[in-house]
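Welcome! Take a moment to look over the sequence and the model, then try the exercises at your own pace.

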Amino acid sequence: MPNVEHFPSSNKQASKIAIVHLGLGAFHRAHQAVYLERYRQRSNDGEWGVCSANLRSSVGLVDSLRDANYRYQVAEYTDSDSVTLREIGVIEETLFSGRDSSGNSEDDSVDSWGRDREAMLARMASADTRMVTLTVTEKGYFLNPASGELRVDDPMIIGDIASPLQPRTAPGLIVEALARRREAGIAPFTVLSCDNMPDNGKRTRQAVIQLAEQRDASLASWIASEVAFPCSMVDRIVPAMTDVDFERLTALGVNDSNAVVCESFSQWVVEDNFPMGRPSWEVEGVEMVADVAPFETMKLRMLNGSHSLLAYLGAIAGIETVYDGVNHTKLRALLRRYMLEEAAPTLEMPKGIDLDAYADSLLVRFANDSLRHRLQQIAMDGSQKLPQRWLSGTLKRSAAGQLSSCVALGVAAWIRYTLGEDLSGNRYTVDDPLAKRFADLHHTHGADASALVAAFLAMDDVVPSALAADKAFAQSVLAAYLTLTQDGLDGALAALERN
């Protein structure tokens with residue numbers, strides 16, 4: 001039995017709802033909500049209650065939290081021998097505006113996206129709401145990963161353009177709520193993205209303004225001049241819950257279907273630009289800074305980039321979790337080589353940041369034996385993640401005439417992963433917005449590795465065209481792909497060691 005430390009939620013009266021959060025997933029509940037719970041317990045500030053909403057799936061979670069009086073447990077594991085249990089009570093309301101992926105939605109012939117949507121828009125348009133935060137994943141912003149432009153040809157965005165008063169996307173909800181506030185003469189809320197994207201505040205601003213331009217040029221101009229979109233960097237490993245996790249919690253006396261398991265480490269770096277005010281997060285260790293970009297890029301390229309290397313190489317080799325992958329001696333060596341030789345040299349960090357020590361700390365976190373962070377979870381939405389995690393830094397190295405052999409192997413593994421079958425022939429689902437395109441490319445070019453690799457590198461909405469044109473990089477990806485498919489993971493890692 002591990003050593004357990006308990007922290008009950010605050011017994012203070014309900015706070016005024018001032019934050020609307022879009023994306024009621026495990027990360028929000030284990031990160032932003034935890035910081036706010038700790039802040040509320042420390043202070044007498046009752047101004048920052050949260051309304052958390054799901055947009056497209058998991059109506060069951062929305063209802064389950066409501067039935068539990070918006071209380072749930074977060075289990076923070078240092079390792080399998082030490083856990084902190086926190087009861088979180090800062091969420092004051094949960095809403096659902098979308099279609100439940102479990103099939104519980106109404107018939108498609110009616111507007112099945114409407115449940116709680118008007119209540120959500122009313123909450124966002126209320127003068128009490130001072131901040132809208134988001135964890136909707138990269139694909140939830142509907143931006144082209146390579147160009148950063150709004151994908152106006154996406155069916156969801158087309159729907160929001162055609163019916164702006166009944167939005168289905170996060171950008172659409174924000175635009176409509178801001179339009180209502182503008183019409184009512186209410187100052188705009190601050191929009192804070194907490195997703196893993198470089199310049200996430202700027203990219204959120206881009207999505208919102210470009211969608212607003214499709215509706216009303218004057219509204220778009222007002223948003224551009226009046227609405228703050230600070231950037232942020234978030235860091236905490238929060239795996240998807242498994243039956244094993246719930247069994248472990250039950251053994252600790254926790255019977256909570258809404259519970260979340262995560263690591264004990266947590267970091268939040270936020271650009272301090274909140275015209276409507278904010279909680280005094282800094283008392284709980286949040287780093288309020290003038291420029292988030294260096295920290296954000298460091299995390300994306302070193303932590304998330306390493307995770308993606310593990311995800312694609314490990315998944316096609318039948319390795320299930322991060323813990324299992326980092327305990328593969330040669331994979332661990334690959335991660336350290338990637339971080340220090342290919343990722344760290346592309347970073348421009350403030351004085352005093354030790355990237356060698358950061359790399360070592362990441363490997364320690366990956367080796368946390370209490371987390372079952374599945375590689376298939378990390379592998380989701382690779383087309384949206386890899387431009388930020390690998391390709392932007394690799395493009396920088398390419399422009400300097402430097403080869404990125406670790407990333408080339410990672411890209412080769414990603415291409416092989418998108419086949420939907422590991423090296424032993426076991427099938428799995430490729431969860432990615434471009435999954436059908438991947439399947440078509442494999443069907444067309446599967447017998448010709450050279451043509452297949454060239455076709456993937458030619459996807460200019462994923463791979464920067466300048467990088468695809470780098471013949472040395474393209475050849476390195478092809479060589480890694482051939483070695484990986486012919487000699488397996490160990491053969492590919494051995495070949496890399498010889499380079």
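Three short exercises follow, each with a worked solution.

Before you start, note that this is a predicted model, where local features need pLDDT of at least 70, side-chain atom pairs count only at pLDDT 80 or more, and totals for chains, interfaces and linings use all residues. Residues are numbered from 1 along each chain as its sequence is written, and side-chain values use heavy atoms, leaving out hydrogens and water.

**Exercise 1. Domains**

Find the domains of the chain and describe how they meet.

Step 1: An automatic or database domain assignment gives domain 1 (3-289) and domain 2 (293-498).

Step 2: Taken over C-alpha atoms, the centres of domain 1 and domain 2 are 29 Å apart. Domain 1 brings 34 residues to the contact and domain 2 brings 30, where contact means heavy atoms within 4.5 Å.

Step 3: About 2600 Å² is buried between domain 1 and domain 2, with 55% of this from carbon and sulfur atoms. Buried area is the accessible area (1.4 Å probe) that two parts lose on being put together, summed over both.

**Exercise 2. Salt bridges**

Count the salt bridges and look at examples.

Step 1: The rule asks for a side-chain nitrogen of Lys or Arg within 4 Å of a carboxyl oxygen of Asp or Glu.

Step 2: It yields 30 salt bridges, and 3 are found across the interface of domain 1 and domain 2.

Step 3: One pair is R86 with E76, at 3.0 Å from N to O. R86 belongs to strand β5 (residues 82-88) and E76 to strand β4 (residues 72-79), so this pair ties together parts 10 residues apart in sequence. Strands here are DSSP runs (E, at least two residues), numbered from the N terminus.

Step 4: Another salt bridge joins the side chains of R365 and D235, at 2.9 Å from N to O.

**Exercise 3. Charge pairing**

Explain why such side chains can pair.

Solution: Side chains of opposite charge can pair when their charged atoms come close.

Notes: Helices (H or I, at least four residues) and strands (E, at least two) are DSSP runs, numbered from the N terminus.
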